[in-house]
Amino acid sequence: RKPARCQAVWRWLWDAKNHIDIKERKKLMMEFRYILYAQSEEEAEELFGTLCEKCKYPNFINYLKNLWERRNEWCHFYRKSLCTKGHNTNNFVEASTRVLKDIILERCKSFNAVVLDFITNILECYHKRRLISFASNRKTKINLNYLKLEI
C-alpha cells in the first residue's frame with residue numbers, strides 16, 4: 001500500500017461516496033496536516049486523538065485509524081531518521097518521467113517498435129547498471145574526473 005499523502009487524504013475527503021460536508025473538508029484536511037507535521041510523538045498522538053474525538057464522520061475516523069497504523073510511512077516525525085534529503089514527495093519519480101517524456105521521447109505522440117524496444121531493453125539495462133553502481137558505492141564519472149584534477 002502507498003504511504004498516505006496530503007493529496008490522497010484530500011481526494012478521499014472530496015470523494016462523494018464518503019459523504020463529507022463541503023464546509024468541513026478544508027477543516028479536516030488542516031487537522032490532518034497538523035498531525036502530519038507534528039514535532040513530537042506525543043504531539044502527533046494528541047492531535048490524532050483530538051481529531052478522532054471531535055470528528056462527526058465515522059467513516060473518516062475509520063480512514064484515519066487505518067492511516068495511523070502506518071504512521072511511520074507518512075508522519076514526518078516518525079520519518080526523521082530516514083535519509084530523504086528534504087524530499088518527502090515523489091519528486092525523483094516525477095523528474096524521471098519528465099526526462100523520459102521530454103528528452104528521450106521528444107514529446108512524440110506515436111510510439112513505434114524501435115522506441116518501445118529502446119525503453120524496455122536498453123534503458124532498463126542502463127538503469128539497472130546505474131542502480132547497482134550506486135548501491136555498491138562505486139565512483140561516478142564526475143567523481144573520477146574531479147579526482148584527476150586534484151592530482
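What covers the buried residues of α2? In this predicted model, the cover includes α1, α3, α4 and α5 (71–74). The protein chain holds eight helices and zero strands, and along the sequence its elements follow the pattern α-α-α-α-α-α-α-α. Of its 151 residues, 22% count as buried. Among contacts in the protein chain with a separation of 6 or more, 50% are accounted for by residues 24 or more positions apart.

The geometry of α2 was examined next. With 15 residues at 1.5 Å a residue, α2 should span 21 Å, and the separation of 22 Å between its end C-alpha atoms agrees with this. The buried residues of α2 are Glu24, Arg25, Leu28, Met29, Glu31, Phe32, Ile35 and Leu36. Viewed down the axis of α2, the buried residues fall within an arc of 165 degrees, so they line one face of the helix. An α-helix has 3.6 residues a turn, so residues three or four places apart point the same way. The face of α2 turned away from the buried side carries Lys23 and Lys26, which are exposed.

Two of the buried residues of α2, Leu28 and Phe32, also belong to the largest nonpolar core. This core has 24 residues, of which Val9, Leu13, Ile20, Leu28, Phe32, Phe60 and Trp74 touch the most other members. At least two core residues are supplied by each of α1 (6–14), α2 (22–36), α3 (41–54) and α4 (58–68). The largest share, six residues, comes from α4. When residues up to four places away in sequence are not counted, Phe32 touches Val9, Leu51, Leu64, Leu67 and Trp74.

Aromatic contacts were considered separately. A pair of aromatic rings is described by the distance of the centres and the angle of the planes. The count comes to five aromatic pairs. One of these, Trp12 with Phe60, is tilted, at 5.5 Å centre to centre and 40 degrees between the planes. Because Trp12 lies in helix α1 and Phe60 in helix α4, the pair ties together parts that are 48 residues apart in sequence. Trp12 has a relative accessible area of 15% and is therefore buried; for Phe60 the relative accessible area is 0%, so this residue is buried as well.

Trp12 also pairs with Tyr63, and this pair is stacked, with 4.6 Å centre to centre and 15 degrees between the planes. The Trp12 and Tyr63 pair links distant parts of the chain, with Trp12 in helix α1 and Tyr63 in helix α4, 51 residues apart. Tyr63 is buried, since its relative accessible area is 17%, below the cut-off of 20%. Ring pairs thus link Trp12, Phe60 and Tyr63 into a cluster. A charge and ring arrangement involves another tryptophan: the charged end of Arg25 sits over the ring of Trp14, 4.3 Å from the ring centre. Arg25 is one of the buried residues of α2.

Further along the chain, Leu100 lies in helix α6 (residues 91–104). Its relative accessible area is 25%, so Leu100 is partly exposed, a class that runs between the cut-offs of 20% and 50%. Leu100 and Ile119 are 19 residues apart in sequence, and their C-alpha atoms are 9.1 Å apart in space.

How values were computed. Residues are numbered from 1 along each chain as its sequence is written. This is a predicted model: local features need pLDDT of at least 70, side-chain atom pairs count only at pLDDT 80 or more; totals for chains, interfaces and linings use all residues. Side-chain values use heavy atoms; hydrogens and water are left out. A nonpolar core is a set of buried Ala, Val, Leu, Ile, Met, Phe, Trp, Tyr and Cys residues joined through side-chain atoms within 4.5 Å. Buried means under 20% relative accessible area, exposed over 50%, partly exposed in between (1.4 Å probe, protein chains only). Helices (H or I, at least four residues) and strands (E, at least two) are DSSP runs, numbered from the N terminus. Contact means heavy atoms within 4.5 Å. The expected span of a helix is 1.5 Å times one less than its number of residues. The arc is that of the directions from the helix axis to the C-beta atoms. Rings of Phe, Tyr and Trp (its six-membered ring) pair if their centres lie within 6.5 Å; planes under 30 degrees apart count as stacked, over 60 as edge-to-face and the rest as tilted. A charge sits over a ring if NZ of Lys or CZ of Arg is within 6 Å of the ring centre and within 35 degrees of the ring normal.
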